[in-house]
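Work through the exercises below with the sequence and the model side by side. Try each task before you read its solution.

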Amino acid sequence: MMQTQLVFIVAFSAFVSTGRGQQSLMEYMERRIVLLEERISQWHDQNSRHGTELRDFKNKVLTMLENLEKDKDAWRNEMENTNTRVERLEREVDYLETQNPAPPCVEVDEKLTELQINKAQKKKKEKYEKLTDCSDAISQVNAMKILKRFGSTSGLWTKDPLSTSDKIYIFDGTTNDTVYVYPRMRDFTLSSTRKAARIKLPYPWIGTGHVVYGGNLYYIRRQNEFQVIKFDLSNKTVVDSAVFPVEQQVPVYGLSSFNYIDIAADEEGLWAMYATKENEKNVCLAKIDPVTLGIEQMWDTPCPIENAETAFVICGAVYVVYNTKLPSRSRVQCIFDASGTMPGEDLPLVYFPKRYGAHSSMKYNPKEKQIYAWDDGYQIIYKLGMKAKGEL
Ligand SMILES: *[C@@H]1O[C@H](CO)[C@@H](O)[C@H](O)[C@H]1NC(C)=O
Ligand SMILES: *[C@@H]1O[C@H](CO)[C@@H](O)[C@H](O)[C@H]1NC(C)=O
(Lines give C-alpha, C1' and ligand atoms only; values in the text may rest on other atoms or scores of the structure.)
(Ligands and ions follow the chains in the order given, each with its own letter.)
Protein backbone atom coordinates (compact mmCIF):
# COMPACT_ATOMS: atom_id res chain seq x y z
CA MET A 1 0.00 0.00 0.00
CA MET A 2 2.75 2.46 0.98
CA GLN A 3 4.75 1.43 -2.06
CA THR A 4 1.77 2.01 -4.37
CA GLN A 5 1.30 5.53 -2.97
CA LEU A 6 4.97 6.29 -3.41
CA VAL A 7 5.00 5.21 -7.05
CA PHE A 8 1.82 7.25 -7.58
CA ILE A 9 3.33 10.43 -6.13
CA VAL A 10 6.57 10.11 -8.12
CA ALA A 11 4.58 9.56 -11.34
CA PHE A 12 2.35 12.54 -10.55
CA SER A 13 5.27 15.00 -10.17
CA ALA A 14 6.87 13.69 -13.43
CA PHE A 15 3.78 14.28 -15.63
CA VAL A 16 2.08 17.25 -14.05
CA SER A 17 3.89 20.01 -16.09
CA THR A 18 2.65 19.23 -19.66
CA GLY A 19 -0.85 18.98 -21.27
CA ARG A 20 -0.06 15.65 -22.91
CA GLY A 21 1.35 14.75 -19.62
CA GLN A 22 -2.03 15.53 -17.99
CA GLN A 23 -3.87 13.03 -20.17
CA SER A 24 -1.31 10.34 -19.62
CA LEU A 25 -1.51 11.05 -15.92
CA MET A 26 -5.31 10.63 -15.95
CA GLU A 27 -4.97 7.31 -17.79
CA TYR A 28 -2.25 6.23 -15.46
CA MET A 29 -4.29 7.18 -12.43
CA GLU A 30 -7.34 5.35 -13.70
CA ARG A 31 -5.30 2.20 -14.28
CA ARG A 32 -3.91 2.51 -10.79
CA ILE A 33 -7.37 3.11 -9.30
CA VAL A 34 -8.79 0.10 -11.11
CA LEU A 35 -5.90 -2.00 -9.84
CA LEU A 36 -6.37 -0.65 -6.34
CA GLU A 37 -10.10 -1.34 -6.48
CA GLU A 38 -9.42 -4.88 -7.63
CA ARG A 39 -7.05 -5.39 -4.79
CA ILE A 40 -9.47 -3.90 -2.28
CA SER A 41 -12.22 -6.22 -3.46
CA GLN A 42 -9.75 -9.12 -3.23
CA TRP A 43 -9.02 -8.14 0.35
CA HIS A 44 -12.72 -8.05 1.04
CA ASP A 45 -13.15 -11.52 -0.40
CA GLN A 46 -10.22 -12.83 1.57
CA ASN A 47 -11.40 -11.18 4.76
CA SER A 48 -14.86 -12.59 4.53
CA ARG A 49 -13.39 -15.97 3.58
CA HIS A 50 -11.18 -15.83 6.66
CA GLY A 51 -14.17 -14.78 8.72
CA THR A 52 -16.15 -17.76 7.45
CA GLU A 53 -13.23 -20.08 8.01
CA LEU A 54 -12.82 -18.77 11.53
CA ARG A 55 -16.53 -19.26 12.24
CA ASP A 56 -16.41 -22.75 10.78
CA PHE A 57 -13.39 -23.56 12.89
CA LYS A 58 -15.06 -22.20 16.01
CA ASN A 59 -18.14 -24.29 15.30
CA LYS A 60 -16.01 -27.37 14.72
CA VAL A 61 -14.19 -26.86 18.02
CA LEU A 62 -17.48 -26.34 19.83
CA THR A 63 -18.89 -29.55 18.37
CA MET A 64 -15.72 -31.39 19.31
CA LEU A 65 -15.94 -30.06 22.85
CA GLU A 66 -19.57 -31.12 23.08
CA ASN A 67 -18.68 -34.58 21.83
CA LEU A 68 -15.84 -34.80 24.28
CA GLU A 69 -18.22 -33.91 27.09
CA LYS A 70 -20.59 -36.63 25.89
CA ASP A 71 -17.70 -39.10 25.66
CA LYS A 72 -16.66 -38.17 29.16
CA ASP A 73 -20.16 -38.96 30.45
CA ALA A 74 -20.13 -42.22 28.54
CA TRP A 75 -16.74 -43.05 30.02
CA ARG A 76 -17.91 -42.20 33.49
CA ASN A 77 -20.93 -44.46 33.07
CA GLU A 78 -18.70 -47.19 31.73
CA MET A 79 -16.37 -46.84 34.72
CA GLU A 80 -19.27 -46.98 37.14
CA ASN A 81 -20.63 -50.06 35.44
CA THR A 82 -17.24 -51.73 35.58
CA ASN A 83 -16.91 -50.84 39.24
CA THR A 84 -20.29 -52.33 40.04
CA ARG A 85 -19.35 -55.44 38.12
CA VAL A 86 -16.02 -55.76 39.92
CA GLU A 87 -17.78 -55.36 43.24
CA ARG A 88 -20.37 -57.95 42.31
CA LEU A 89 -17.59 -60.32 41.23
CA GLU A 90 -15.78 -59.74 44.50
CA ARG A 91 -18.93 -60.53 46.44
CA GLU A 92 -19.34 -63.68 44.37
CA VAL A 93 -15.73 -64.65 45.05
CA ASP A 94 -16.33 -64.00 48.75
CA TYR A 95 -19.39 -66.19 48.63
CA LEU A 96 -17.62 -68.96 46.72
CA GLU A 97 -14.72 -68.80 49.10
CA THR A 98 -16.99 -69.26 52.09
CA GLN A 99 -18.90 -72.05 50.32
CA ASN A 100 -15.88 -73.94 49.01
CA PRO A 101 -13.02 -73.20 51.32
CA ALA A 102 -10.66 -75.03 49.02
CA PRO A 103 -7.04 -74.16 49.68
CA PRO A 104 -5.50 -72.28 46.76
CA CYS A 105 -2.67 -74.69 46.05
CA VAL A 106 -1.49 -78.22 46.74
CA GLU A 107 1.26 -77.06 49.02
CA VAL A 108 -1.30 -75.53 51.34
CA ASP A 109 -3.46 -78.60 51.03
CA GLU A 110 -0.68 -80.70 52.52
CA LYS A 111 -0.20 -78.23 55.29
CA LEU A 112 -3.88 -78.37 56.15
CA THR A 113 -3.72 -82.15 56.41
CA GLU A 114 -0.66 -81.85 58.53
CA LEU A 115 -2.49 -79.31 60.62
CA GLN A 116 -5.37 -81.65 61.24
CA ILE A 117 -3.04 -84.45 62.25
CA ASN A 118 -1.28 -82.06 64.55
CA LYS A 119 -4.61 -80.96 65.95
CA ALA A 120 -5.38 -84.54 66.90
CA GLN A 121 -2.01 -84.85 68.66
CA LYS A 122 -2.46 -81.51 70.31
CA LYS A 123 -5.65 -82.58 72.06
CA LYS A 124 -3.59 -84.75 74.37
CA LYS A 125 -1.64 -81.71 75.46
CA GLU A 126 -2.26 -80.07 78.75
CA LYS A 127 -4.68 -77.14 78.81
CA TYR A 128 -3.55 -73.86 80.26
CA GLU A 129 -5.53 -72.46 83.13
CA LYS A 130 -8.35 -70.41 81.64
CA LEU A 131 -9.25 -67.16 83.35
CA THR A 132 -12.61 -66.65 81.64
CA ASP A 133 -15.21 -68.95 80.18
CA CYS A 134 -15.00 -67.28 76.80
CA SER A 135 -15.46 -69.68 73.94
CA ASP A 136 -15.85 -67.31 71.00
CA ALA A 137 -14.32 -68.14 67.67
CA ILE A 138 -14.46 -66.12 64.44
CA SER A 139 -17.10 -67.26 62.02
CA GLN A 140 -16.49 -64.47 59.52
CA VAL A 141 -15.43 -60.89 58.97
CA ASN A 142 -18.71 -58.97 59.07
CA ALA A 143 -17.52 -55.57 57.92
CA MET A 144 -14.50 -53.46 57.29
CA LYS A 145 -14.01 -49.77 57.79
CA ILE A 146 -11.08 -47.83 56.36
CA LEU A 147 -10.38 -45.06 58.83
CA LYS A 148 -7.40 -43.28 57.42
CA ARG A 149 -4.21 -43.49 55.46
CA PHE A 150 -1.39 -42.46 57.72
CA GLY A 151 2.33 -43.00 58.01
CA SER A 152 4.57 -45.73 56.69
CA THR A 153 3.59 -48.96 54.97
CA SER A 154 4.18 -50.82 58.25
CA GLY A 155 3.02 -49.98 61.73
CA LEU A 156 0.33 -50.69 64.26
CA TRP A 157 -2.54 -48.94 65.93
CA THR A 158 -4.50 -50.05 68.93
CA LYS A 159 -6.60 -49.23 71.98
CA ASP A 160 -6.28 -50.46 75.56
CA PRO A 161 -8.98 -53.16 75.92
CA LEU A 162 -8.93 -52.90 79.72
CA SER A 163 -9.28 -49.13 79.88
CA THR A 164 -12.46 -47.08 79.77
CA SER A 165 -10.66 -44.33 77.83
CA ASP A 166 -10.97 -44.17 74.06
CA LYS A 167 -7.32 -43.32 73.49
CA ILE A 168 -5.81 -44.47 70.21
CA TYR A 169 -2.12 -45.39 70.15
CA ILE A 170 -0.19 -45.19 66.89
CA PHE A 171 3.18 -46.83 66.23
CA ASP A 172 4.35 -45.63 62.84
CA GLY A 173 7.07 -47.75 61.24
CA THR A 174 8.84 -50.90 62.38
CA THR A 175 11.36 -49.04 64.50
CA ASN A 176 11.07 -45.69 66.27
CA ASP A 177 10.79 -44.33 69.79
CA THR A 178 7.81 -41.95 69.52
CA VAL A 179 4.22 -43.14 70.00
CA TYR A 180 1.35 -40.85 68.93
CA VAL A 181 -1.68 -40.74 71.21
CA TYR A 182 -5.08 -39.34 70.23
CA PRO A 183 -7.88 -38.82 72.80
CA ARG A 184 -10.40 -40.68 70.62
CA MET A 185 -10.91 -42.14 67.17
CA ARG A 186 -12.41 -38.98 65.69
CA ASP A 187 -9.31 -36.98 66.55
CA PHE A 188 -7.15 -39.51 64.78
CA THR A 189 -9.25 -39.64 61.61
CA LEU A 190 -9.75 -35.87 61.38
CA SER A 191 -6.48 -34.32 62.45
CA SER A 192 -2.80 -34.46 61.70
CA THR A 193 -0.03 -35.63 64.01
CA ARG A 194 0.51 -32.03 65.11
CA LYS A 195 -2.60 -32.45 67.30
CA ALA A 196 -1.42 -35.75 68.78
CA ALA A 197 0.26 -36.18 72.12
CA ARG A 198 3.65 -37.84 71.86
CA ILE A 199 5.23 -40.35 74.17
CA LYS A 200 8.95 -40.76 73.79
CA LEU A 201 10.08 -44.21 74.86
CA PRO A 202 13.42 -44.77 76.59
CA TYR A 203 14.44 -47.33 73.93
CA PRO A 204 13.22 -47.70 70.33
CA TRP A 205 10.81 -50.49 69.49
CA ILE A 206 11.35 -53.15 66.85
CA GLY A 207 8.59 -54.72 64.75
CA THR A 208 4.84 -54.34 65.19
CA GLY A 209 4.31 -56.80 68.06
CA HIS A 210 3.42 -54.33 70.82
CA VAL A 211 0.25 -54.03 72.90
CA VAL A 212 -1.34 -51.52 75.23
CA TYR A 213 -2.95 -53.47 78.07
CA GLY A 214 -4.21 -52.27 81.46
CA GLY A 215 -2.48 -48.89 81.28
CA ASN A 216 0.88 -50.40 80.33
CA LEU A 217 2.63 -50.61 77.03
CA TYR A 218 4.33 -53.96 76.40
CA TYR A 219 6.81 -53.52 73.62
CA ILE A 220 9.68 -55.34 71.94
CA ARG A 221 13.21 -54.02 72.08
CA ARG A 222 16.19 -55.54 70.36
CA GLN A 223 19.53 -55.11 71.97
CA ASN A 224 21.55 -58.28 71.59
CA GLU A 225 18.59 -60.43 72.52
CA PHE A 226 14.96 -59.51 72.32
CA GLN A 227 13.42 -57.95 75.38
CA VAL A 228 9.88 -57.27 76.43
CA ILE A 229 9.64 -53.83 78.03
CA LYS A 230 6.72 -53.00 80.31
CA PHE A 231 6.19 -49.26 80.24
CA ASP A 232 3.69 -47.46 82.48
CA LEU A 233 1.78 -45.01 80.29
CA SER A 234 0.51 -42.82 83.15
CA ASN A 235 3.85 -41.92 84.73
CA LYS A 236 5.92 -42.74 81.62
CA THR A 237 8.38 -45.06 83.31
CA VAL A 238 9.71 -48.50 82.62
CA VAL A 239 8.09 -50.78 85.19
CA ASP A 240 9.88 -53.97 84.22
CA SER A 241 11.73 -55.65 81.40
CA ALA A 242 12.56 -59.23 80.59
CA VAL A 243 14.79 -60.97 78.10
CA PHE A 244 12.61 -63.29 76.06
CA PRO A 245 13.79 -66.72 77.25
CA VAL A 246 14.27 -68.26 73.80
CA GLU A 247 17.47 -68.75 71.86
CA GLN A 248 18.20 -68.23 68.18
CA GLN A 249 15.03 -66.45 67.28
CA VAL A 250 13.94 -66.11 63.66
CA PRO A 251 11.16 -63.93 62.20
CA VAL A 252 7.83 -65.40 63.21
CA TYR A 253 5.88 -64.53 60.03
CA GLY A 254 7.37 -65.28 56.61
CA LEU A 255 5.88 -62.18 55.01
CA SER A 256 6.69 -59.71 57.83
CA SER A 257 10.37 -60.23 58.53
CA PHE A 258 10.49 -57.40 61.09
CA ASN A 259 8.55 -59.36 63.75
CA TYR A 260 10.49 -61.75 65.97
CA ILE A 261 8.02 -61.54 68.85
CA ASP A 262 4.40 -60.54 68.40
CA ILE A 263 2.52 -59.86 71.64
CA ALA A 264 -1.25 -60.18 71.54
CA ALA A 265 -4.01 -59.48 74.05
CA ASP A 266 -7.21 -61.48 74.30
CA GLU A 267 -9.91 -62.27 76.87
CA GLU A 268 -7.42 -64.49 78.71
CA GLY A 269 -4.53 -62.07 78.98
CA LEU A 270 -1.27 -61.72 77.07
CA TRP A 271 0.31 -64.06 74.56
CA ALA A 272 3.43 -64.00 72.42
CA MET A 273 3.93 -65.54 69.00
CA TYR A 274 7.58 -66.22 68.19
CA ALA A 275 9.80 -68.59 66.22
CA THR A 276 13.16 -70.23 66.76
CA LYS A 277 15.84 -71.82 64.61
CA GLU A 278 15.17 -75.12 66.32
CA ASN A 279 11.60 -75.26 65.05
CA GLU A 280 11.92 -72.80 62.20
CA LYS A 281 9.00 -74.06 60.16
CA ASN A 282 6.21 -73.30 62.63
CA VAL A 283 4.90 -70.48 64.78
CA CYS A 284 5.36 -70.98 68.53
CA LEU A 285 3.07 -69.62 71.21
CA ALA A 286 3.68 -68.52 74.79
CA LYS A 287 1.35 -67.33 77.54
CA ILE A 288 2.82 -64.29 79.30
CA ASP A 289 2.07 -63.09 82.82
CA PRO A 290 1.25 -59.38 82.42
CA VAL A 291 2.42 -58.60 85.96
CA THR A 292 5.80 -60.34 86.09
CA LEU A 293 6.44 -60.79 82.34
CA GLY A 294 7.17 -64.44 83.16
CA ILE A 295 6.23 -67.14 80.67
CA GLU A 296 3.50 -69.44 81.99
CA GLN A 297 3.41 -72.03 79.24
CA MET A 298 4.75 -72.61 75.71
CA TRP A 299 3.39 -74.47 72.71
CA ASP A 300 4.64 -75.47 69.25
CA THR A 301 1.73 -74.78 66.94
CA PRO A 302 1.20 -76.63 63.66
CA CYS A 303 0.88 -73.29 61.86
CA PRO A 304 3.60 -72.75 59.25
CA ILE A 305 5.67 -69.57 59.19
CA GLU A 306 5.86 -69.60 55.42
CA ASN A 307 3.47 -67.08 53.84
CA ALA A 308 2.20 -66.02 57.26
CA GLU A 309 1.50 -62.32 57.42
CA THR A 310 0.41 -61.75 61.01
CA ALA A 311 -1.67 -63.42 63.75
CA PHE A 312 -4.00 -62.65 66.63
CA VAL A 313 -5.46 -64.53 69.59
CA ILE A 314 -9.15 -64.85 70.54
CA CYS A 315 -10.27 -66.78 73.63
CA GLY A 316 -7.00 -68.67 73.78
CA ALA A 317 -6.87 -69.65 70.10
CA VAL A 318 -4.23 -68.29 67.70
CA TYR A 319 -5.45 -67.35 64.24
CA VAL A 320 -2.58 -67.13 61.77
CA VAL A 321 -3.28 -64.96 58.73
CA TYR A 322 -1.72 -66.02 55.42
CA ASN A 323 -1.16 -64.45 52.07
CA THR A 324 1.03 -64.91 49.04
CA LYS A 325 4.17 -63.00 48.11
CA LEU A 326 2.20 -61.28 45.37
CA PRO A 327 -0.49 -59.99 47.69
CA SER A 328 -3.94 -61.44 47.13
CA ARG A 329 -6.61 -61.82 49.81
CA SER A 330 -5.55 -62.40 53.39
CA ARG A 331 -7.09 -65.39 55.10
CA VAL A 332 -6.96 -67.23 58.39
CA GLN A 333 -5.67 -70.57 57.30
CA CYS A 334 -4.39 -72.08 60.51
CA ILE A 335 -5.88 -72.01 63.99
CA PHE A 336 -4.27 -73.36 67.11
CA ASP A 337 -6.43 -73.50 70.22
CA ALA A 338 -4.31 -73.55 73.36
CA SER A 339 -7.39 -74.19 75.47
CA GLY A 340 -7.99 -77.34 73.44
CA THR A 341 -11.73 -76.84 73.11
CA MET A 342 -12.00 -76.17 69.40
CA PRO A 343 -13.11 -79.09 67.26
CA GLY A 344 -10.24 -80.10 65.01
CA GLU A 345 -11.91 -80.61 61.67
CA ASP A 346 -13.63 -78.40 59.12
CA LEU A 347 -12.76 -75.08 60.65
CA PRO A 348 -14.00 -72.30 58.42
CA LEU A 349 -11.41 -70.38 56.43
CA VAL A 350 -11.93 -66.73 57.25
CA TYR A 351 -11.19 -64.24 54.48
CA PHE A 352 -10.52 -60.55 54.85
CA PRO A 353 -12.54 -58.57 52.32
CA LYS A 354 -10.00 -56.47 50.48
CA ARG A 355 -6.46 -55.33 50.79
CA TYR A 356 -4.05 -52.69 49.66
CA GLY A 357 -0.68 -54.33 50.19
CA ALA A 358 0.39 -56.24 53.27
CA HIS A 359 -1.04 -56.37 56.78
CA SER A 360 1.88 -55.47 58.99
CA SER A 361 -0.26 -55.91 62.11
CA MET A 362 -3.70 -57.02 63.27
CA LYS A 363 -4.57 -56.16 66.87
CA TYR A 364 -7.65 -57.86 68.28
CA ASN A 365 -9.63 -55.88 70.83
CA PRO A 366 -11.45 -58.39 73.08
CA LYS A 367 -13.82 -55.74 74.44
CA GLU A 368 -14.98 -54.54 71.02
CA LYS A 369 -14.63 -57.84 69.12
CA GLN A 370 -12.86 -56.11 66.31
CA ILE A 371 -9.41 -55.98 64.78
CA TYR A 372 -7.30 -52.87 64.33
CA ALA A 373 -5.28 -53.56 61.21
CA TRP A 374 -2.50 -51.66 59.44
CA ASP A 375 -2.56 -52.53 55.74
CA ASP A 376 0.12 -50.83 53.67
CA GLY A 377 -0.36 -47.53 55.51
CA TYR A 378 -4.16 -47.76 55.70
CA GLN A 379 -5.71 -48.02 59.16
CA ILE A 380 -8.61 -50.44 58.94
CA ILE A 381 -11.09 -51.92 61.42
CA TYR A 382 -12.45 -55.41 60.80
CA LYS A 383 -15.63 -56.21 62.68
CA LEU A 384 -15.82 -59.89 63.51
CA GLY A 385 -18.77 -62.24 63.48
CA MET A 386 -18.42 -64.79 66.30
CA LYS A 387 -19.70 -68.25 67.07
CA ALA A 388 -19.14 -70.54 70.00
CA LYS A 389 -16.10 -72.77 69.42
CA GLY A 390 -18.25 -75.89 69.66
CA GLU A 391 -20.56 -74.70 66.88
CA LEU A 392 -17.87 -74.26 64.26
C1 LIG B 1 10.98 -41.61 64.25
O2 LIG B 1 10.23 -41.15 63.13
C3 LIG B 1 10.42 -39.79 62.84
C4 LIG B 1 9.43 -39.40 61.77
O5 LIG B 1 9.40 -40.32 60.75
C6 LIG B 1 11.87 -39.56 62.44
O7 LIG B 1 12.10 -38.21 62.12
C8 LIG B 1 12.77 -39.99 63.58
O9 LIG B 1 14.11 -39.87 63.21
C10 LIG B 1 12.47 -41.42 64.00
N11 LIG B 1 13.21 -41.73 65.21
C12 LIG B 1 13.90 -42.87 65.39
C13 LIG B 1 14.60 -43.01 66.71
O14 LIG B 1 13.96 -43.74 64.54
C1 LIG C 1 4.73 -45.52 88.01
O2 LIG C 1 3.54 -46.23 88.24
C3 LIG C 1 3.74 -47.60 88.58
C4 LIG C 1 2.40 -48.28 88.65
O5 LIG C 1 1.38 -47.42 89.05
C6 LIG C 1 4.52 -47.72 89.85
O7 LIG C 1 4.76 -49.08 90.17
C8 LIG C 1 5.85 -47.01 89.67
O9 LIG C 1 6.58 -47.01 90.88
C10 LIG C 1 5.63 -45.58 89.23
N11 LIG C 1 6.93 -45.01 88.92
C12 LIG C 1 7.26 -43.76 89.27
C13 LIG C 1 8.65 -43.33 88.92
O14 LIG C 1 6.49 -43.03 89.84
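**Exercise 1. Decide whether Lys236 is buried, partly exposed or exposed, then check its backbone.**

Step 1. Lys236 has a relative accessible area of 42%, so it is partly exposed. Buried means under 20% relative accessible area, exposed means over 50%, and partly exposed lies in between (1.4 Å probe, protein chains only).

Step 2. Locate it. Lys236 sits in the loop between strand 8 (226-232) and strand 9 (237-243). Strands (E, at least two residues) and helices (H or I, at least four) are DSSP runs numbered from the N terminus.

Step 3. Read the backbone angle. Phi of Lys236 is near 55°, a positive value in a residue other than glycine. Most residues other than glycine have a negative phi.

A note on the source: this is a predicted model, where local features need pLDDT of at least 70 and side-chain atom pairs count only at pLDDT 80 or more, while totals for chains, interfaces and linings use all residues. Residues are numbered from 1 along each chain as its sequence is written, chains are lettered from A and ligands numbered from 1 in the order in which they are written, and side-chain values use heavy atoms, with hydrogens and water left out.

**Exercise 2. Find the loop that holds Lys369, and state its phi.**

Step 1. Lys369 is in the loop between strand 18 and strand 19 (370-375).

Step 2. Its phi is positive, about 55°, although Lys369 is not a glycine.

Step 3. Lys369 counts as partly exposed because its relative accessibility is 25%.

**Exercise 3. List the residues around ligand 2 and give their polar distances where available.**

Step 1. Asp232, Asn235 and Thr237 surround ligand 2. Each has a heavy atom within 4 Å of the ligand.

Step 2. An oxygen atom of ligand 2 is 2.3 Å from an N or O atom in the side chain of Asn235. For the side chain of Asp232, an oxygen of ligand 2 is 3.2 Å from an N or O atom.

Step 3. Check the cover. Ligand 2 taken alone exposes 360 Å², and the protein buries 32% of that. Accessible areas come from the Shrake-Rupley method with a 1.4 Å probe; for residues, only the protein chains shown count as cover.

**Exercise 4. Describe the surroundings of Asn365.**

Step 1. Asn365 belongs to strand 18. It counts as buried because its relative accessibility is 3%.

Step 2. Leaving out residues up to four places away in sequence, Asn365 touches Lys159, Pro161, Gln370 and Tyr372. Contact means heavy atoms within 4.5 Å.

Step 3. A polar atom of the Asn365 side chain lies 3.1 Å from the backbone nitrogen of Glu368. A polar contact is a pair of N or O atoms within 3.5 Å; within protein, one must be able to donate a hydrogen and the other to accept it, and residues adjacent in sequence count only if both atoms are side-chain atoms.

**Exercise 5. Place Trp157 and name its partners.**

Step 1. Trp157 is in strand 2 (residues 155-158). With a relative accessible area of 0%, Trp157 is buried.

Step 2. A polar atom of the Trp157 side chain is 2.9 Å from the backbone oxygen of Ala373.

Step 3. Trp157 and Ile168 are 11 residues apart in sequence, and their C-alpha atoms are 7.0 Å apart.

**Exercise 6. Summarise the whole chain.**

Step 1. Count the elements: the chain has 4 helices and 20 strands.

Step 2. Of the 392 residues in the chain, 43% are buried.
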